[in-house]
Each structure stands twice: as C-alpha cells, then as structure tokens.
Amino acid sequence: MKILIPTLLRSYTDERSVVEGHGATLAEVFTELDARYPGIRFRIIDEQDVIRRHIRIWVNKHEVRTLKIPVAASDEVMIFQALSGG
Amino acid sequence: MKTDKTPRSSLPRPPAGAVALLVATRKGAFILRSDKAREAWRIVGPMFFGHVVHHMVLDSRQSAKGVRTLLAATSTGHLGPTISRSFDLGKTWSEAKSPPAFAKVAEGLKGRAVGHTFWLTPGHASEPGTWYAGTSPQGLFRSEDDGESWASVTGFNDNPMYASWTGGEQDGTPDGPKMHSIIVDPRDPRHLYVAMSSGGVFESRDRGASWKPINAGVLADFRPDKYPEFGQDAHCVRLHPLAPDVLYQQNHCGIYRLERPGVKWQRIGENMPRKIGDIGFPIVLHPRDPATLWVFPMDGGTVWPRTSPDGKPAAYVSRNSGGTWRRQDSGLPKRHGWFTVKRQAMSVDAHDPVGVYFGTTGGEIWASPDEGEEWLCIARHLPEIYAVEAVELAR
C-alpha cells in the first residue's frame with residue numbers, strides 16, 4: 001500500500017513523500033514502517049499506542065483514531081499534521 | 001549563618017579559555033561561542049529549526065578519545081518527543097533509538113505518555129555513558145549508553161505513591177507538570193535528588209529504587225495544608241559540587257537552603273528586600289564558593305505575571321548563604337524590562353571571576369563577566385529562551 005508522508009516526517013524517509021507499507025492491520029503497518037525508518041512511529045504514536053493529539057491518519061477517505069483496523073494492499077494511508085494552532 | 005567557605009588551596013584551578021552557551025529555545029537551538037576574554041560572542045545555529053528544544057546539555061565527562069556527548073531534548077507542536085545526540089558539539093546529530101517512554105499499560109487502562117523531556121543530567125563521574133532525563137508529565141528515565149536508549153526508573157515512575165506525589169494535571173506548569181533538577185551526589189552515584197513542579201523534592205539513596213520526600217519547612221501557600229510532606233512546587237534545586245551537603249532551592253513559595261544531614265529547609269528568601277520578594281524560577285551557584293548564589297526574582301503577586309518586579313529586571317546575589325542579598329542591575333534596563341527568566345535559563349561558567357548568564361522569554365541573552373556586577377546583552381531577537389547552559393570549551 002502507499003503511505004503518504006507529511007513534510008515534517010520526511011527527515012525519516014530520505015525526503016520521500018510516498019513510501020510503501022506492508023501489514024494486515026494499521027498497527028502492523030506502523031511497526032514495519034518503523035523497522036525501515038527507525039524512530040518515525042514514536043513521533044506519530046505514543047507509548048500507549050494512541051495516535052498523537054496533533055496527528056491525523058486517514059485510510060483512503062476515512063479518518064482513523066485507532067491502529068486496530070484491517071488494511072489491504074490497495075489502501076492508501078495518509079498521515080497529516082493536524083490543523084492545530086491556527 | 002554558616003558561610004560554607006572552602007579553603008582556596010583545595011579549589012580546582014579556574015579555566016581561562018573560551019566559553020560556550022548552549023541555548024535551547026521554543027524554535028530551535030543555538031550555541032554562542034566566546035573568545036578567551038569572554039568579550040566577543042559568535043552565534044551558531046539554529047539547530048533543530050522550528051522544533052521545541054527544552055534542554056541542551058554537554059557531558060561534564062570526557063571519553064577516552066576526548067569526546068563529550070551533547071544531548072538535546074526536542075519535540076514539535078505536532079510530533080512526539082525525542083532525544084538527539086551529537087559527538088561534535090552540534091555539527092551533526094543522530095536520534096536516540098528509544099527515547100524516554102512510560103511502560104505500556106494493559107488494554108482498557110489509561111496509561112501515561114511522555115509529552116516532552118524537560119531536563120537532562122549527566123550521570124556520576126564514575127559511570128560514563130549514564131544520563132538521567134526528567135519528563136512532562138513527571139517521569140525519571142536513565143540511559144546507560146550515552147543517550148541512545150532510555151529505561152524507566154521504575155522505583156519512581158511505578159511507585160505506588162506516584163499519583164499522590166505528583167498530583168494531577170492541574171498541579172503542573174501551564175506547559176504541563178515537570179520533573180527537573182535531577183542531581184547526582186558527586187560522592188555517591190546511588191544518591192539522587194529530583195524536584196517536581198509540582199510534587200516537591202525527593203531523595204533516593206539506592207540509585208532510584210526507593211524515594212523519600214524531603215520538603216520540611218517549604219511553604220505551599222496554594223494548599224490548605226501550608227507545609228505538607230510533599231506537593232510543593234519546586235522551581236529549581238541546585239547542589240554545590242564542592243560542598244555536596246548544601247542544597248539551594250528556588251521555589252514557587254520562596255528561596256530555601258538545606259544542609260544535610262538536616263531535613264528541614266530554611267527560607268533564606270526572607271532576607272530579600274520585601275518589595276522584591278523571593279519568587280522566581282532560576283537559582284545558580286558559584287562553582288567554587290558554596291556560600292555564593294544568584295537568583296532572578298519575578299513578580300509572583302496578583303495573577304502571577306512572572307515578569308521582573310515593576311518592570312525593573314535585576315539579579316540578586318548572596319555571598320553568605322542567603323543571609324543577605326545585593327541587587328545587581330548595572331547594564332540592565334532601568335524600566336520597562338518585563339523579563340521572564342525560566343528555571344533552566346540562568347547559568348554560570350567556571351572562570352575567575354565567574355561569568356553569569358541568563359536568557360529571557362523575549363529572546364535576549366545577557367552576560368556578566370564579573371559575577372553580576374555589570375550586564376551586557378550579547379544576543380537579541382532569538383526565539384523564546386527555555387534554557388542556557390554555560391560550558392567551558394578548554395582550560
């Protein structure tokens with residue numbers, strides 16, 4: 001699947017705006033992503049597996065607030081910085 | 001009052017080389033480097049541009065290869081917190097593999113998450129590579145690999161008394177409750193102190209496995225019980241490296257001194273001028289004279305403006321352990337100087353005479369090469385300054 005990386009996280013992905021993702025759930029996708037780009041997961045998801053307050057994650061056209069959802073290879077995962085702070 | 005004079009013959013030789021100020025700001029980090037005379041200053045940076053840098057600390061110890069590790073605690077408005085490491089004084093940085101994080105709790109329970117690392121302290125001289133970090137919300141973490149990975153000090157973080165000691169979210173600063181002032185006794189790596197806003201001061205004698213509050217005599221005027229066992233709001237605590245039984249504390253409710261093995265703090269801020277009061281954030285100590293210390297008072301009246309009283313900024317120095325205080329404002333604005341100096345934003349070098357430095361929330365850095373007698377603004381227009389650490393680049 002495709003994962004869209006916002007500018008503030010591209011220092012982890014060699015400045016790539018789109019990277020490939022792998023996994024059967026969103027949790028697996030972020031674990032695998034962190035194995036390739038160490039440190040990226042903790043900037044997005046805290047130690048209680050909660051998506052951080054000012055981060056938004058969308059799978060296709062649906063915003064998700066949990067990692068416990070199934071995903072398919074055809075899905076597109078988008079990470080956004082929330083419009084917080086004006 | 002005891003004067004704590006150390007015989008001059010036993011003092012280490014003061015350095016005379018260039019000084020660096022490690023400046024952490026709300027929008028990045030900077031390093032100000034002086035010449036040998038500490039007269040000309042050059043700014044390097046910004047590093048971590050746009051990131052919130054809470055503290056940047058250079059290891060007081062040196063590796064066999066002569067390297068001193070530099071750590072920076074950073075976060076951003078959107079991303080989670082991390083720790084970055086440099087082995088070339090900030091030219092290049094790498095990120096910690098596992099930054100401070102609380103243990104994951106069982107499904108269905110609400111767990112803690114580190115909002116940011118607020119304070120960094122190198123470990124004992126006999127334990128190279130060991131560091132401590134204090135976080136928001138209050139948590140204590142230890143690294144034994146030079147900041148690469150961090151483990152929870154469970155004796156504190158998972159202590160059954162943790163919730164009572166630390167209070168709730170409303171008991172913290174506007175930026176969240178914090179652990180700070182992590183102190184390692186230079187005589188004993190097992191002997192630690194930490195302080196919290198809020199929570200007060202705590203002591204461990206077994207490397208963090210168990211803790212005791214040590215707050216007797218410290219006022220908490222925001223509670224119905226004015227002198228509780230814990231729950232005070234310690235702003236900054238310092239231990240004198242050459243007199244490690246002497247502790248000084250700038251608290252939300254005054255300036256205090258404690259001499260161990262005593263357990264009751266004495267309010268030395270009562271000796272400050274009444275119209276100035278003894279509220280502030282930072283407190284710094286003379287590197288060789290345990291009786292000399294500086295504070296930077298702020299307005300803690302009415303709605304707590306947290307600026308210089310009456311818009312007239314000044315440091316105050318005591319040379320007799322807080323028995324008397326003297327105003328030091330030469331070179332500082334005589335009026336309309338609405339400074340706030342945060343708890344990590346005042347520092348001293350080790351020269352003779354000692355250089356004293358502070359950074360303001362308005363992005364200015366002020367320096368005094370003569371122990372506070374004369375102040376000079378050496379940088380303006382930086383972002384809001386969170387921390388200033390003075391370090392010696394060479395003897």
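Colleague: What makes two residues count as being in contact in this predicted model?

Modeller: Two residues are in contact if their C-beta atoms, placed from the backbone, lie within 7 Å. The model itself is predicted.

Colleague: How many residues does each chain bring to the contact?

Modeller: Chain A gives 15 residues and chain B gives 15 residues. On the side of chain B that touches chain A, six are nonpolar, six are polar and three are charged.

Colleague: What does the secondary structure of chain B come to?

Modeller: Chain B has two helices and 27 strands.

Colleague: Why is chain B called as compact as a globular protein of its length?

Modeller: The globule rule gives 21 Å for 395 residues, and the radius of gyration of chain B is 20 Å; the two values are close, so chain B is as compact as a globular protein of that length. Along its principal axes, the C-alpha trace of chain B spans about 60 × 50 × 45 Å. Of the 395 residues in this chain, 51% count as buried. Among contacts in chain B with a separation of 6 or more, 52% come from residues 24 or more positions apart.

Colleague: Why is B:Glu371 called buried or exposed?

Modeller: A residue is buried if 20 or more other C-beta atoms lie within 10 Å of its own. B:Glu371 has 21 such neighbours, so this residue counts as buried. B:Glu371 sits in the loop between strand 25 (365–368) and strand 26 (376–379) of chain B.

Colleague: Why is A:Asp14 called buried or exposed?

Modeller: The cut-off for an exposed residue is 12 or fewer neighbours. A:Asp14 has 8 C-beta neighbours inside 10 Å and therefore counts as exposed. In chain A, this residue belongs to the loop between strand 1 (2–4) and strand 2 (18–20).

Colleague: What makes the phi values of A:Asp14 and B:Glu371 worth a remark?

Modeller: Most residues other than glycine have a negative phi. The phi of A:Asp14 is positive, near 55°, and that of B:Glu371 is positive as well, about 65°. Neither A:Asp14 nor B:Glu371 is a glycine.

Colleague: Which residues of chain B are joined by a cis peptide bond?

Modeller: Most peptide bonds are trans. A cis bond joins B:Gly45 and B:Pro46, with omega about 5°; B:Pro46 lies in strand 3 (residues 41–47) of chain B. Another cis bond joins B:Ser197 and B:Ser198, with omega about -5°. B:Ser198 is placed in the loop between strand 13 (192–197) and strand 14 (200–204) of chain B.

Conventions:
Residues numbered from 1 in each chain as written. Chains lettered and ligands numbered in written order. Predicted model: local features only at pLDDT ≥ 70, side-chain atom pairs only at ≥ 80, totals over all residues. Nonpolar A, V, L, I, M, F, W, Y, C, P; charged D, E, K, R; others polar. Helix = DSSP H or I, 4+ residues; strand = E, 2+ residues; numbered from the N terminus. Rg over C-alpha atoms; globule rule 2.2 N^0.38 Å.
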